[in-house]
Every structure is written in C-alpha cells, then in structure tokens.
Amino acid sequence: MRLDRFLSENTNMSRKEAKRALHRESITVDMQVVKKGDVKIIDQQVHYEGVLVTIRKPVFIMLHKPAGYICSTVDDDGISVLDLLPEEMRHGLHIAGRLDKDTTGLVLITEDGQWSHRVTSPNKECYKTYLVEVELPLEQQLIEQFKAGIQLENENKLTKPAQLEIVTEKTARLKICEGKYHQVKRMFAAVDNRVASLHRESVGPLSIEDSLASGQWRDLTEQEIQYF
Ligand code: URA
C-alpha cells in the first residue's frame, strides 16, 4: 500500500493532510525521513512525529439512534448520528442503511463498503425489523397485501415480500429486506394509513439490547461482524 494511503487509513489525517505531513518531514519509514507518498509500505515501521503508526482495526459499530438526529455524513445537514461518536473516530465512516430524522433504533456504522453492501442490498435479503405505530386501525388483510408486494408511488416495481405482524390495533412489526427512500412510511401511505412513529429493532440477526440506551453505541463483536 502507498505511504500516503497507509497514513490516511491509520491516523486521523486525510490523504491531503498526510501529503503535507510528508512535506514537513514529519514522517519516517524505518527511521529514515520520507517525503514522497508513493513509497510502498509492506511491513516497515512508520512513525508520524516520532509516534509509531499502528494498523487501525476497521470500525464496525451499532448505535441506538435517538429521534432528531440525521443519518448523514455531510457536516452542514444537521446533527448527525456520527456526532454521537468521538470526533477522532468519525473520519471515513458511513451509515449502512439510513433512518429518517424522526425514526429511532438500530443504526450500523462502518468504513467497510463491501460489508455495508451486504447489509443493505435487497438481493442479500437481510431483513430489517421495524416496530411501527400507525394512526388508523390495522386490518388483518394487510398481512397478505404486504406479503404480495405493495405498489409505492413513483416506483415501477412492487415491494419485495414483507412480513407484517399485527401487535395491537395500531401497532405492528414489519420485516423488509429493502431500503427504498421512506419505504415503511410509503408502504403504509399506499394502504391509506399513516406512520405515527417508527423504530428499527433489528437488522438481520442483530438487535439493540436493552442495555444500549438511546444515543449510546458499542463496537460489534467479531462474531457479529461475521453475520453479514
Ligand atoms: N422506512 C422509513 O420510512 N423510514 C425509515 O427511517 C426507515 C424505513
């Protein structure tokens, strides 16, 4: 791997900042000052301002999203769920399946694009479970309708089979494996109802445990990372 990439992946510097550090002669490779970013790093010791740069473990996080936070990585969109993480961790992270600002529940955050693709791609059939509160009473026939697929506005295909469990008159648990824009809200709108509140309980086999309060996060275990 190139030295500039090695630095941006394993420190909090961006590629540009790494280049500046190289020009400042702040980087050594096997104790020799190196100014060029294209030097190949295999197993040499890289120091930045005298501190050894160690290979950073990739980040995989589960976070309990509170309402009012957005799932964006762009700074000026509003307060992001990434703002709940320490600043030095945020660099290079993205959200594997976004939730709306008013939706609460399980959010997965990583820097591994292939892993998040396995979480979000409808073809991978990773089911997300939502606890949905609606404004009008739920009818039993909805179970079959959601299973057969729903025609959403401005979409040319029916939604993939979804599993609906009616919990109370106005509460249901919905399992879907797609993540179209506002999908759950649009599914209920398509059957003349309206979502009053939405909470994501789980993604595939991963659920938020009771001990993870709203706004808190934790690293995934090796076993949990391997689920996807
Ligand atoms: N579907 C929605 O409508 N909103 C979400 O936040 C998630 C799924």
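How far apart do the C-alpha centres of domain 1 and domain 3 lie? They are 50 Å apart in this predicted model.

**View 1. The protein is divided into three domains, listed here by residue range.** Domain 1 covers 3-52. Domain 2 is assigned to 57-126 + 207-228. Domain 3 takes in 127-203. The 50 Å figure applies to the C-alpha centres of domain 1 and domain 3.

**View 2. The ligand lies between domain 2 and domain 3.** Both domains give residues to the shell around the ligand, so it lies between them. The ligand sits in the largest pocket.

**View 3. The shell around the ligand holds nonpolar, polar and charged residues.** L99, D100, T103 and Y130 are among the residues that surround the ligand. H182, Q183, V184, K185 and L198 also belong to the surroundings. By class, the shell has four nonpolar, three polar and two charged residues. Helix α5 (residues 183-190) supplies the largest share, three residues.

**View 4. D100, T103 and Q183 place N or O atoms close to the ligand, at the distances given here.** A polar side-chain atom of D100 is 2.7 Å from a nitrogen atom of the ligand. In T103, an N or O atom of the side chain lies 2.8 Å from a ligand oxygen atom. Q183 uses its backbone: an N or O atom there is 3.4 Å from an oxygen atom of the ligand. Taken alone, the ligand exposes 240 Å², and the protein buries 96% of that.

Methods
Residues are numbered from 1 along each chain as its sequence is written. This is a predicted model: local features need pLDDT of at least 70, side-chain atom pairs count only at pLDDT 80 or more; totals for chains, interfaces and linings use all residues. Side-chain values use heavy atoms; hydrogens and water are left out. A residue is near a molecule or strand if one of its heavy atoms lies within 4 Å of it. A polar contact is a pair of N or O atoms within 3.5 Å; within protein, one must be able to donate a hydrogen and the other to accept it, and residues adjacent in sequence count only if both atoms are side-chain atoms. Accessible areas come from the Shrake-Rupley method with a 1.4 Å probe; for residues, only the protein chains shown count as cover. On a 1 Å grid over the protein atoms alone, a cavity is a set of points where a 1.4 Å probe fits but cannot get out, and a pocket is an open set with protein on both sides within 12 Å along at least five of seven lines; lining residues have an atom within 4 Å of a point. A molecule sits in a cavity or pocket if more than half of its atoms lie within 2 Å of its grid points. Helices (H or I, at least four residues) and strands (E, at least two) are DSSP runs, numbered from the N terminus. Ala, Val, Leu, Ile, Met, Phe, Trp, Tyr, Cys and Pro count as nonpolar, Asp, Glu, Lys and Arg as charged, and the others, Gly among them, as polar. Domain bounds come from an automatic or database domain assignment.
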